[in-house]
Amino acid sequence: MNRVSLTRYRTKLGAFLLSLSLLMGASAVCAQTPLADGQVIKIDPAAGKITIKHGPLKQFSMDEGMTMVYRAADPAMLNAVKPGDRIKFAPDRVNGQFTVTKIEKAK
Ligand SMILES: [Cu+2]
């Protein structure tokens, strides 16, 4: 390899490694988002909403536990739980609305 093609090769390799590390960084962020603990208080299947009592969620500036209504990302998720169930859930903010994107029963 002459010097010019070696430099080109390094530049391409650098760009590849950079995009790879960005990709890995992004998935690491997802993996780090823990499921929050909560308890189902009320379910409104017609509206696709669920009322959850939960502890602090610092990422949403909820510094203390509270009971609040979340929109279900998929209303079908609400069939798997009932009031009183202890759950693990993934809270998110979609178009400014607090939304649960995942619900599973706590063991
Ligand atoms: Cu809350």
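These notebook entries record what I looked up in a predicted model.

**Entry 1: the copper site**

I began with the copper ion and asked which protein atoms are its donors. They are NE2 of H54 and the SD atoms of M62, M66 and M68, at 2.0 to 2.4 Å from the ion. Along the sequence, I noted the spacing of these donor residues as H-x7-M-x3-M-x1-M.

Next I looked up the angles. The four donor atoms subtend 102 to 120 degrees around the copper ion, so the arrangement is tetrahedral. The cut-off behind this step is that all angles must lie between 85 and 135 degrees.

I then checked two of the donor residues for accessibility. Is M68 buried or exposed? M68 has a relative accessible area of 13% and is therefore buried. M66 has 27% relative accessibility, so I recorded M66 as partly exposed.

**Entry 2: the aromatic rings**

A pair of aromatic rings is described by the distance of the centres and the angle of the planes. I found three aromatic pairs in the structure. In one of them, Y70 and F89, the ring centres are 5.6 Å apart and the planes stand at 65 degrees, so I entered the pair as edge-to-face. Because Y70 belongs to strand β3 (residues 66-72) and F89 to strand β4 (residues 86-94), this pair ties together parts that are 19 residues apart in sequence. Y70 is buried, at 0% relative accessibility, and F89 is buried, also at 0%.

Y70 has a further edge-to-face partner in F98, with 6.3 Å from centre to centre and 70 degrees between the planes. F98 lies in strand β5 (residues 97-105) and Y70 in β3, so the parts tied together here are 28 residues apart in sequence. I closed this entry with the cluster that F60, Y70, F89 and F98 form.

**Entry 3: the salt bridges**

Side chains of opposite charge can pair when their charged atoms come close. How many salt bridges does the structure hold? I recorded four.

D85 meets K82 in one of them, at 3.2 Å from N to O. D85 is buried, at 9% relative accessibility, whereas K82 is partly exposed, at 48%. D85 also meets K105 in a salt bridge, at 3.6 Å from N to O. Since D85 lies in the loop between β3 and β4 and K105 in strand β5, this pair ties together parts 20 residues apart in sequence.

I also looked up K102 and E104, whose closest N and O atoms are 3.7 Å apart in a salt bridge. K102 is partly exposed, at 40%, and E104 is partly exposed, at 31%. Finally, I noted that shared partners join K82, D85 and K105 into one network of salt bridges.

Key:
Residues numbered from 1 in each chain as written. Predicted model: local features only at pLDDT ≥ 70, side-chain atom pairs only at ≥ 80, totals over all residues. Heavy atoms only, no water. Donors = N, O, S within 2.8 Å, 3.2 Å for Na, K, Ca; no water. Tetrahedral: all angles 85-135°; square planar, octahedral: opposite > 155°, others 65-115°. Buried < 20%, exposed > 50% of the residue type's maximum accessible area, 1.4 Å probe, protein only. Phe/Tyr/Trp six-rings, centres within 6.5 Å; stacked < 30°, edge-to-face > 60°. Helix = DSSP H or I, 4+ residues; strand = E, 2+ residues; numbered from the N terminus. Salt bridge = Lys/Arg side-chain N within 4 Å of Asp/Glu carboxyl O.
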